Amino acid sequence: MREITKWVVEDTGQKEVFWPSEEMKRLAWVNDASLYRQADEDPVAFWAERAREGLDWFRTWDETYRRDPPYFKWFVGGKLNACYNCVDRHAKSWRRNKAAIIGVREPTGEPAKTLTYHDLYREVNRFANVLKDLGVGRGDRVSIYLPMIPEAQIAMLACARIGAPHSVVFSAFSADSLKDRIEDAGSKALVTCDGYYRRGRAVNLKDNADRAVEGTTVAHVVVFRRTGQEVDWVEGRDHWWHELMEGAEPYCEPEVMDSEDTLYILYTSGTTGRPKGVIHTTGGYLTQAYWTTKWDFDLHDEDVFWCTSDIGWVTGHTYNVYGPLSVGATQIFYEGAPDFPDRGRVWEIIERHGVTVFYTAPTLIRMFMGWGDEWLEGHDLTGLRLLATVGEPISRDAWMWYFEQVGGCRCPVIDTWWQTETGSTLINALPGIGPFIPTVAGRSFPGTRHEILDDRGEALGLGDDPGYLVQRGPFGPGMLRGIFGNPAMYEENYWTRFGHDAYFSSDGARYFSEGNFRLTGRLDDVMKVAGHRLSAAEVENAIATHPDVAECAVVPAPHEIKGETPWAFVRLKDREPSDELAKELTDQVVKVLGPTCRPERIVFTAAVPRTRSGKIMRRILKSLVRNEPVGDTTTIENPESVEDLKTLVGYKE
Ligand code: ATP
Ligand code: MG
């Protein structure tokens, strides 16, 4: 692919606006921008066409879209099975011998475990029968607590096959967090393993599982043997995966599911508070998963896709299971850490397995940058043709590093904005259309509509301050259909702020150009400094461009005169903190954003608090600078950072 065209727009101050190369345009599934207009003229007809073209249905729907606020339905009366769409139809086609999942393993050196679509078909059918034999049936919930091994995907698909909603819990969550989620979902069974490898060491997972299931509704625990370590055993309740599989019948008829039957429940990352059990249903979710995978990542049959998300997050659900498998793609599924046996691991995997499309998170990109470019050297990354990110706003410097160092200036960087609630990506540029602009996610996916509203619900336009990002109806087919066991919270979180005609995302945004959205972070992270609305992301962007800064998080602190004022928490690369450096950073913000945005304090710190998905928890920092209680801390990955910060900011318990 030829070098991407660089288009310089001087008057907006944005130096980098990239357009797809001729080759990218020729190759891409979508290269005609008129698609946006066509879809917008009749989104319901557009999605009906997508559902028909992308999926196999047992029965066609009677009504494409039905609203019953705050609820809505897609493909009412339609019948299908998600597992059938991800597995059977490929196993019956020429893709039968195509690699579906390349499970790259730990410890390093163990050969990859590759499953073809036929292998996947065999495993999934038998595991579906295993669950059935244990008494799990349609509508029963199954919790899954597994590391990044293909058995996670097999278990999820087996649940989908028999119509039992799964609830996957990130394997690094504690026993208590798992217990909370099992209890909330009322699960009948748990699928887990003895342990897993992390940086060459075997970690015991069964212990956590044992403590979590005690006193809950879980009657059966299926244990996959991964490490072979000693584990405690409860006779009658615990079963070895391989023993049950031996006796299982090879074929399990897929349940005929209603389009609106629940496919899964998934708890959010918990960046802003306690996680909520988001409900996703079958037909609409799978339709959007299929088309966003195909169009956003431009996946073709020859591609090797690698999405680095853990299976415990929505990105792992949609882009490690339902999206790539429904389109019949080949994907990498990596068990280990990005820095084991060394910091070149990710680049080694990309080279060895010929990854062409790579999807990761800004937090990892920052980590790679911090480790230094030398880790990429010596690895042939020229097979890559497309890069993408999700999870947080990506700063300009991280975007450019990704584009230049990883993508060799050939690959579009697709910055995808979406949420656990939205099921699939919603706002991003399409690879054959562009433009690709650092810190600008792009346009609404065809057939969806977003707006930016002010406090009173009036639509904002180009040139206005950041406002509230909302989605307008007809709401995307992949959107959540509720919060498990808590309809009041569903109404309150998403449909109260602006009523039933605007899904409230809790994120802030402004327009970069007509229809192109720049995400400015969570609304809780917006501050009002001397009457001006200022987003944390804007200040962070200005600071992060300094070569000595590894990462930074900005939060509002109360101020007597200005109302609020930004405080910046900064982690440095290889430099000692100094007053001089603090001044340099402050001056940089003033230069880029003006004197009103001057940070009141720069706090140099060894770490900022993060969720287990790697997102900065500004909520915690905000409580610290306000001397308020820090609230729910169960989703913090590095609690020790909070203790250090308390001392740094003079927090009084
Ligand atoms: P909780 O809702 O429990 O606090 P969470 O919001 O972190 O957790 P997710 O659904 O995993 O849970 O994350 C979605 C959020 O991540 C979005 O609302 C947005 O704030 C942020 N986000 C995701 N992708 C992007 C992106 N490309 N640009 C900017 N922000 C993003
Ligand atoms: Mg959220």
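The paragraphs below walk through a predicted model, beginning with its helices and moving on to single residues, backbone angles, cysteines and internal cavities.

A good place to begin is helix H19, which covers residues 639–649. Within this helix, Ser641, Val642, Leu645, Lys646 and Val649 are buried. When one looks down the axis of H19, these buried residues fall within an arc of 145°, so they line one face of the helix. A general property of helices helps in reading this pattern: an α-helix has 3.6 residues a turn, so residues three or four places apart point the same way. On the other side of H19, by contrast, Glu640 and Thr647 are exposed. The cover over the buried residues of H19 includes two strands, E30 (563–572) and E31 (601–604), together with helix H18 (618–626). Just after H19 comes Gly650, and the phi angle of Gly650 is positive, near 70°.

Helix H2, made of residues 34–41, can be read in a similar way, since Ser34, Leu35, Tyr36 and Ala39 are its buried residues. Among the elements that cover these buried residues of H2 are helix H3 (43–54) and helix H10 (283–296).

From helices we can turn to single residues and their surroundings. Met479 sits in the loop that runs between strand E24 and helix H15 (487–494). Is Met479 buried or exposed? Its relative accessibility is 1%, and because the cut-off for a buried residue is under 20%, Met479 counts as buried. Setting aside residues up to four places away in sequence, Met479 touches Phe72, His280, Gln288, Glu421, Thr422, Leu426, Gln471 and Tyr503. Tyr121 lies 358 residues from Met479 in sequence, and the C-alpha atoms of these two residues are 28 Å apart in space.

Asp454 is another loop residue, placed between strand E23 (449–453) and strand E24 (467–472). With a relative accessible area of 15%, Asp454 is buried, and beyond its neighbours within four places in sequence it is in contact with Leu460, Tyr468 and Phe498. His532, on the other hand, belongs to strand E28, which consists of residues 532–535, and with a relative accessible area of 48% His532 is partly exposed. Not counting residues up to four places away in sequence, His532 touches Met527 and Thr596. The C-alpha atom of His532 is separated by 9.6 Å from that of Lys562, which is 30 residues apart from His532 along the chain.

The backbone itself also deserves attention. As a general background, most residues other than glycine have a negative phi, and most peptide bonds are trans. Against that background, the peptide bond from Pro69 to Pro70 is cis, with omega near 5°, and Pro70 is found in the loop between strand E3 (63–68) and strand E4 (71–76). A cis peptide bond also joins Gly434 to Pro435, where omega is about -10°, and Pro435 is in the loop between strand E22 (413–415) and E23. Asp298 has a positive phi, near 50°, although it is a residue other than glycine; Asp298 lies in the loop between H10 and strand E18 (304–307) and is buried, with a relative accessible area of 1%. Ser506, which is not a glycine either, has a positive phi of about 70°. Ser506 is placed in strand E25, residues 502–513, and at 30% relative accessibility it counts as partly exposed.

How many disulfides does a search of the whole structure find? The search finds zero. For Cys86, which is in no disulfide, the nearest cysteine sulfur is that of Cys83, 7.0 Å away. Cys159 is likewise in no disulfide, with the sulfur of Cys83 as its nearest cysteine sulfur at 10.0 Å. Cys86 is buried, with a relative accessible area of 0%, and Cys159, at 0% relative accessibility, also counts as buried.

Finally, we come to the empty space inside the model. Rolling a probe the size of a water molecule over the atoms shows where empty space is left. The structure holds three cavities of 30 Å³ or more, and the largest cavity has a volume of about 50 Å³. Which residues line the largest cavity? The lining is formed by Asn81, Ala82, Ala160, Gly163, Ala164, Pro165, Met257, Thr262, Leu263 and Thr282. Sorted by character, the residues of this lining divide into six nonpolar, four polar and no charged.

Methods: Residues are numbered from 1 along each chain as its sequence is written. Chains are lettered from A and ligands numbered from 1 in the order in which they are written. This is a predicted model: local features need pLDDT of at least 70, side-chain atom pairs count only at pLDDT 80 or more; totals for chains, interfaces and linings use all residues. Side-chain values use heavy atoms; hydrogens and water are left out. On a 1 Å grid over the protein atoms alone, a cavity is a set of points where a 1.4 Å probe fits but cannot get out, and a pocket is an open set with protein on both sides within 12 Å along at least five of seven lines; lining residues have an atom within 4 Å of a point. Grid points are joined across faces, edges and corners, and a volume is the space filled by probe spheres set on the points. Ala, Val, Leu, Ile, Met, Phe, Trp, Tyr, Cys and Pro count as nonpolar, Asp, Glu, Lys and Arg as charged, and the others, Gly among them, as polar. Helices (H or I, at least four residues) and strands (E, at least two) are DSSP runs, numbered from the N terminus. Buried means under 20% relative accessible area, exposed over 50%, partly exposed in between (1.4 Å probe, protein chains only). Contact means heavy atoms within 4.5 Å. The arc is that of the directions from the helix axis to the C-beta atoms. A disulfide is a pair of cysteine sulfur atoms within 2.5 Å.
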